Amino acid sequence: MTEGCSEEKSTSVAVVCAVWSRDPNRWDLMSGHLENLLSQTCRVQPIYVLEKSDVPPNEFRDYCITFEQRLSIYQAWVNGIEFANCDFVMNLNLDDRLRINAVEVLRIPFHDKRVMCVGGDWHVRFDLSNSAGGKFIEPINNYYWEATWPPSATSNQKLRLGSGTGERGTYGPATMWRKSLFDGVQYPTRFGNGELIESIADAVFWHMVKSKDPDALFRIPMIIGDYLSSPNTQAEFRTTGEHEKLKQYGYLLKRVNK
C-alpha cells in the first residue's frame, strides 16, 4: 500500500469500492459515486481501493488507498474491509448507486445480534443518466422480476434484480456486513491452484456464511439502489469458466498475498 485516507472513527459504516485501473471512465464514475455516498442520511466512510499504483485526482485522495500490485475485485474488498475502522462495512460498485437512506435502512436488521450480512433489492438500469440515487428506498410492489440473465435492455423499465426476495440466488451487488463477521469467515480470493477468483467469490462467501448460521443472512424486500446492467463492461462478465475451476480446484483461504 502506497497511500491512504484518514482512519478516524467518525462513523460506524464504511463503504468499500474497488477501482479498476483500466477503466477509462473511473474518475467520472467516482465523482458521482462519492456524491452518492456523502449524500446518505447517515455518515459513511468511503474507501476507494486502487491498484497498480493508480494515482487519483486530488479531490479523491483523502478517500483512497492505493496498492502497487494488480488486484481482483475481491482482493480490493478484503483490503478495504481490513482498513475500515468501523463496526459495519459494505461494498458498492463504481457504477451502482444507493438510494439516499439505503445505508441507514440496511443497518436496521443488525439489531438482531445473529445477523451478519444484509442485502436488498435493486432497480436494474441500463445507463446512469437517470439514476435515482437522490430518492429514498421504496417497496418492490411496482417493480417486476424476470429470470433472464443478464437482464435485457428491452425489459420493463421497472425491472428489479430479485435479490431482496430471493428469486435470484444473489443477495445483491452490494451488501452490508458486520465487520466482526470477518474474524471467522473470509472472502476467498484464489482457487486451489493459486489463480485469482474474478467473479464468483460472492456466491462462495454467502454459502460459507449460511453454512455457519442460516439466520446470519438477511434480505430486505425494498428497492435500495440502482444496479447498472452492462455486460460489456462489468467485471462479472469479463471471465468465464470459474464454476468449473471451483469444482476442479476448490478455493484457498490462506491469507497469502490475499
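**Why these words are used**

Q: Where does R125 sit in the chain?
A: R125 belongs to strand β6, residues 117-125. Strands (E, at least two residues) and helices (H or I, at least four) are DSSP runs, numbered from the N terminus. This is a predicted model, in which local features need pLDDT of at least 70 and side-chain atom pairs count only at pLDDT 80 or more, while totals for chains, interfaces and linings use all residues. Residues are numbered from 1 along each chain as its sequence is written, and side-chain values use heavy atoms, with hydrogens and water left out.

Q: Why is R125 called buried?
A: Its relative accessible area is 15%. Buried means under 20%, exposed over 50% and partly exposed in between, with a 1.4 Å probe and protein chains only. The value for R125 is under the limit, so R125 is buried.

Q: What makes the meeting of R125 and D226 a polar contact?
A: The two side chains are 2.9 Å apart at this contact. The rule asks for a pair of N or O atoms within 3.5 Å; within protein, one must be able to donate a hydrogen and the other to accept it, and residues adjacent in sequence count only if both atoms are side-chain atoms. The distance of 2.9 Å is within the limit, so the pair is counted.

Q: How do you know that β6 and β12 pair?
A: Strands pair if DSSP finds at least two bridges between them. β6 and β12 have nine, in the parallel sense, and one of these partnerships joins H123 to D226 in β12. Strand β5 (residues 97-98) pairs with β12 (residues 217-228) in the antiparallel sense over two bridges, and R97 stands opposite D226. Strand β7 (residues 138-139) also pairs with β12 over two bridges, antiparallel; there E138 has I223 as its bridge partner.

Q: Why is helix α2 described as largely enclosed?
A: Nine of the 11 residues of α2 (residues 73-83) are buried, so the rest of the structure largely encloses this helix. Among the buried residues are Y74, W77 and F83.

Q: How many disulfides are there, and why is C17 in none?
A: The count is zero. The sulfur nearest to that of C17 belongs to C64 and is 9.4 Å away. A disulfide needs two cysteine sulfur atoms within 2.5 Å, so C17 does not qualify. C117 is in no disulfide either, with the nearest cysteine sulfur, that of C86, 17 Å away. C117 is buried at 0% relative accessible area.

Q: Why is the pair of Y171 and W206 called tilted?
A: The whole structure holds 11 aromatic pairs. In this one the ring centres are 5.5 Å apart and the planes stand at 55°. Rings of Phe, Tyr and Trp (its six-membered ring) pair with centres within 6.5 Å; planes under 30 degrees apart are stacked, over 60 edge-to-face and the rest tilted. An angle of 55° falls in the rest, so the pair is tilted. Y171 lies in the loop between β9 and β10 and W206 in helix α4, 35 residues apart.

Q: What makes the pair of Y187 and F205 stacked?
A: The planes are 10° apart and the centres 4.1 Å, so both values meet the rule for a stacked pair. Y187 is in the loop between β10 and β11, F205 in helix α4.
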